[in-house]
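Biologist: Could you take a close look at one part of this model for me? I'd like to hear about the largest pocket and whatever sits around it.

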Amino acid sequence: MYEKITKTGENLHVPNRIIIPYVEGDGVGAEITPAALKVVDRAVSRAYGKGRSIEWKEVFAGSKALEKTGSLLPCETVEAFREYLVGVKGPLTTPVGEGSRSLNVTLRQTLDLYVCLRPVRSFRGIVSPLREPQKVNMTVFRENTEDIYAGIEWMQGTPEALKFMNFLSCEMGVSKVRFPQTSSFGVKPVSVEGSERLVAAAVEYAIKHKLPSVTLVHKGNIMKYTEGGFKRWGYDVAERRYGDRVFTMRQYSEIKNRNGENEASKALEEARHAGKVIIKDVIADAFLQNTLLVPEEYSVIATLNLNGDYISDQLAAMVGGIGIAPGANINCLSGHAIFEATHGTAPDIAGRDMANPSSLLLSLAMMLEYIGWDDAANLIVSSVEKTFAQGFVTCDLARFNSRTETLGTSRFAETVINNL
Ligand code: NAD
């Protein structure tokens with residue numbers, strides 16, 4: 001009998017036969033999702049024989065849902081992700097400008113999936129724009145529920161925008177809006193709790209995986225109370241909750257001010273030697289430059305929603321593009337998690353058996369690791385590594401390397417299965 005994954009307290013309970021809901025997705029979703037699920041089934045059976053297996057429960061969102069139910073995101077889909085705790089999602093079309101909000105953002109906010117987790121690493125055989133892509137090994141924790149992405153905005157010229165402008169000028173004494181009558185407005189909420197839980201998840205991940213540092217990436221020099229708050233509350237939670245398992249650069253500065261630079265450097269060296277996680281911070285623009293110049297200086301990254309969106313795609317491009325970048329949206333407290341393709345619906349290649357299934361496939365490997373089925377996860381990752389090293393890639397990667405052989409979505413997935 002197939003059962004649900006559940007969580008009590010800190011513990012995830014994963015039966016040997018589990019039900020996992022999935023959304024196939026729009027565009028290339030119809031090609032990559034079945035291909036990736038098939039690889040997972042084979043890897044699970046390879047790792048555990050008949051001892052473990054997954055029943056995939058299809059739920060609907062996007063255009064398939066609209067066709068079947070008249071709604072882009074039916075309640076049953078959200079409820080299935082809530083009930084079964086762990087789920088999978090292919091890419092979904094987001095209408096630009098007017099109309100409904102992003103389905104991805106709605107799902108993340110409804111289930112309060114506050115961590116967007118994006119590991120970024122290089123693969124042998126994949127051409128990168130960097131000279132030394134093997135130096136890139138970062139895991140991005142992007143805050144998923146707050147920031148300018150909260151969806152609180154008003155179009156210029158509407159009564160709401162004019163009312164908001166009126167409130168700003170009459171009640172808040174704001175005179176800095178350059179064109180008050182024709183401005184649209186967006187609100188950027190960043191809270192203590194939201195920042196702390198995201199940074200705590202990043203620090204815990206670094207401690208668990210014995211990683212050297214967590215870097216808080218922010219624009220606190222300009223947005224002092226929102227991005228600056230994120231940095232301050234990030235340091236606060238790291239020092240308060242993780243005590244002697246971390247050493248923060250704020251502590252470094254305090255020692256430097258009190259006892260001079262030599263003492264501070266000595267304390268930092270001792271902390272490194274003792275295996276403590278170093279918590280540091282950097283301004284977002286400098287960070288983006290540094291990721292290209294000195295990527296080896298960064299390990300775990302904790303950042304706000306908009307910064308995290310840009311950073312994740314840039315880092316992905318540094319190691320081969322979003323076609324191979326995995327991702328997950330997680331609530332570390334409730335255990336809810338949706339593992340997803342990080343790219344979009346790729347309408348330009350949809351329906352042509354050209355899409356790279358690796359982003360979703362590597363996300364599914366993350367899912368298997370998340371539920372503790374590490375052997376199956378490792379099988380998938382090493383099989384993808386082997387496939388790339390053999391020179392088999394999809395068209396998105398082949399265009400950068402003439403020595404590879406281009407496979408379609410289904411043949412690529414079959415090659416990965418053969419390499420398991
Ligand atoms: P996109 O990611 O769909 O495509 C950008 C480029 O990357 C295209 O050239 C595409 O062919 C290529 N590409 C993407 N995935 C690929 C894959 N697996 N294999 C090979 N090549 C791949 O971004 P876009 O064109 O800006 O957006 C298209 C739609 O997807 C929009 O509606 C957008 O809102 C949506 N979108 C959804 C998500 C999501 O569901 N998480 C993420 C990004 C964009």
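Which element gives the largest share of the lining of the largest pocket, and how many residues is that?

Modeller: That's H6, with six residues. Keep in mind that this is a predicted model, with local features needing pLDDT of at least 70 and side-chain atom pairs pLDDT 80 or more, while totals for chains, interfaces and linings use all residues. Numbering starts from 1 along each chain as its sequence is written, and side-chain values use heavy atoms, without hydrogens or water.

The pocket (an open set of 1 Å grid points that fit a 1.4 Å probe, with protein on both sides within 12 Å along at least five of seven lines) has a volume of about 1500 Å³, counted as the space filled by the probe spheres. Its lining (residues with an atom within 4 Å of a point) runs to 45 residues, and Leu117, Tyr205, Lys208, His209 and Glu369 lie nearest the centre. By type, 29 are nonpolar, seven polar (Gly counts here) and nine charged.

Besides H6 (192–208), at least two lining residues each come from strands E6 (115–121), E7 (137–143) and E14 (326–330), plus helices H7 (227–242), H12 (358–370) and H13 (374–389). These are DSSP runs, at least four residues for a helix and two for a strand.

E6, E7 and E14 also belong to an open, mixed sheet of 11 strands, ordered E4-E3-E5-E15-E14-E6-E7-E13-E10-E12-E11; pairing takes at least two bridges. E4 (53–59) and E11 (246–248) are the edges, each with a single partner, so one side of each has no neighbour in the sheet. Strand to strand, the twist averages 25° (C-alpha axes, N-to-C, 0 to 180 degrees).

Within that sheet, E10 (213–218) and E13 (300–303) run parallel over four bridges, with Thr215 opposite Ile301. Helix H11 (305–318) lies across E6, E7, E10 and E13, at about 155° to E7. H12, one of the pocket's helices, packs on the sheet too, touching E3, E4, E5, E6, E14 and E15 (heavy atoms within 4.5 Å) and making about 160° with E15.
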